[in-house]
Amino acid sequence: PAMPKKLNATLRPYQKLGLAWLQFLDALGAGGILGDDMGLGKTITTLAFLQKKKEAEGKKPSLVVCPTSVATNWANESARFTPGLRVLLLHGPSRDVGKIAKYDLVITTYGLLRRDIDALAKIDFRCVVLDEAQNIKNASNSTTRAANRLQAGIRLALSGTPMENRLSELWSLASFANPGILGTPRAFDRRFERPIVADRSSPLAHELRSIVRPFLLRPKPEPSGPI
């Protein structure tokens, strides 16, 4: 990876792999799903990516959408590891979307995304990150529709569980990251989901994996060391 100069941390090998992969997607003009599990540092990996983007390209806001329970953690980790990013925690009744242009990293929640989407959809973000992106696994719910209206140079979905129960959940995350990659929900159901559910050994399962694989990374910690 191209390492940022202002990073108050030493990335572990699997985190460097994640950073290099994010930079590869960015150069490709694509989005992706960072599907690592809890405790593997997807937050610091993403922050390192955003810090390097700022150093290379200058000031422009990026947006992180996350559950309320981890919003403060994003702000705290940025203050600790990437203090060069100016952070706005967008919450509370007095929140002001008009301030976003002054910041490098804007953090909001899924609930507020639904409320503020008309204003947020007008902003051209450098990067939009959905943390615990399984919140958009239902293609028809209001949270998914709001997320898909966001504009950004690169879209990233962070989730330890890109697919929990149905293939349509993978469709939702992959289609957020790269709109159109798997067609419409109806076409995906007809082409992939129903045939694969009926026959797990169908060659269509291999075809689907081949389409999604370049845009989904699950970093693994080195087996000899602690996480």
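Is Glu 132 buried, partly exposed or exposed? I started my notes with this residue, in what is a predicted model. Glu 132 comes out as partly exposed, with a relative accessibility of 24%. That value falls in the partly exposed class because buried means under 20% and exposed means over 50%. I found Glu 132 in the loop between S5 and H5. Its backbone caught my eye too: phi of Glu 132 is near 50 degrees, a positive value in a residue that is not glycine.

**Entry: the sheet**

Next I traced the strands. I get an open sheet of 7 strands with parallel pairing, and the order reads S3-S4-S2-S5-S6-S1-S7. Which strands stand at the edges? They are S3 (87–89) and S7 (216–217); each has a single partner strand, so one side of each has no neighbour in the sheet. I then looked at how S7 is held on its partnered side. S1 (residues 32–34) runs parallel to S7, and 2 bridges join them. In this pairing I see Ile 33 opposite Leu 216 of S7.

**Entry: helices on the sheet**

I checked two helices against the strands. Helix H2 (residues 42–57) lies across S1, S2, S4 (105–109), S5 and S6 (151–158), and I note an angle of about 175 degrees between H2 and S5. Helix H3 (residues 68–81) also packs on the sheet, where it touches S2, S3, S4, S5 and S6. The direction of H3 makes about 165 degrees with that of S4.

**Entry: Val 129**

I picked one residue of S5 to look around from: Val 129 sits in that strand. Val 129 counts as buried because its relative accessibility is 1%, and the cut-off is under 20%. What does Val 129 touch, leaving out residues up to four places away in sequence? My list is Thr 46, Leu 63, Val 64, Val 65, Leu 156 and Leu 158. I also took down a C-alpha to C-alpha distance: Val 129 and Ala 177 are 9.3 Å apart in space, with their positions 48 residues apart in sequence.

**Entry: nonpolar cores**

A general reminder to myself: in soluble globular proteins, nonpolar side chains tend to be buried together. Here the largest nonpolar core holds 37 residues, and Ile 100, Leu 113, Leu 120, Leu 130 and Leu 208 have the most contacts inside it. Strand S2 (62–66), helix H4 (110–120), strand S5 (124–131) and helices H5 (142–148), H6 (167–177), H7 (185–198) and H8 (203–212) each give two or more residues to this core. Which element gives the largest share? That is H6, with 6 residues.

I followed Leu 120 a little further. Beyond its neighbours within four places in sequence, Leu 120 is in contact with Leu 90, Val 97, Ile 100, Leu 113, Phe 125 and Leu 150. There is also a second, separate core of 30 residues, with Leu 47, Ala 48, Val 70 and Phe 81 among them.

**Entry: rings**

How many aromatic pairs are there? I count 1. The pair is Phe 188 with Phe 192, and it is tilted: the centres are 5.7 Å apart and the planes make 45 degrees. These two residues are 4 apart in helix H7, so about one helical turn separates them. Both rings belong to buried residues, as Phe 188 has a relative accessible area of 1% and Phe 192 has 2%.

My last look was at a charge over a ring: Arg 86 lies over the face of Tyr 103, at 4.4 Å from the ring centre.

Terms used:
Residues are numbered from 1 along each chain as its sequence is written. This is a predicted model: local features need pLDDT of at least 70, side-chain atom pairs count only at pLDDT 80 or more; totals for chains, interfaces and linings use all residues. Side-chain values use heavy atoms; hydrogens and water are left out. A nonpolar core is a set of buried Ala, Val, Leu, Ile, Met, Phe, Trp, Tyr and Cys residues joined through side-chain atoms within 4.5 Å. Buried means under 20% relative accessible area, exposed over 50%, partly exposed in between (1.4 Å probe, protein chains only). Contact means heavy atoms within 4.5 Å. Rings of Phe, Tyr and Trp (its six-membered ring) pair if their centres lie within 6.5 Å; planes under 30 degrees apart count as stacked, over 60 as edge-to-face and the rest as tilted. A charge sits over a ring if NZ of Lys or CZ of Arg is within 6 Å of the ring centre and within 35 degrees of the ring normal. Two strands pair if DSSP finds at least two bridges between them. Axes are lines fitted to C-alpha atoms, for helices over the stretch in contact, and angles run from 0 to 180 degrees between N-to-C directions.
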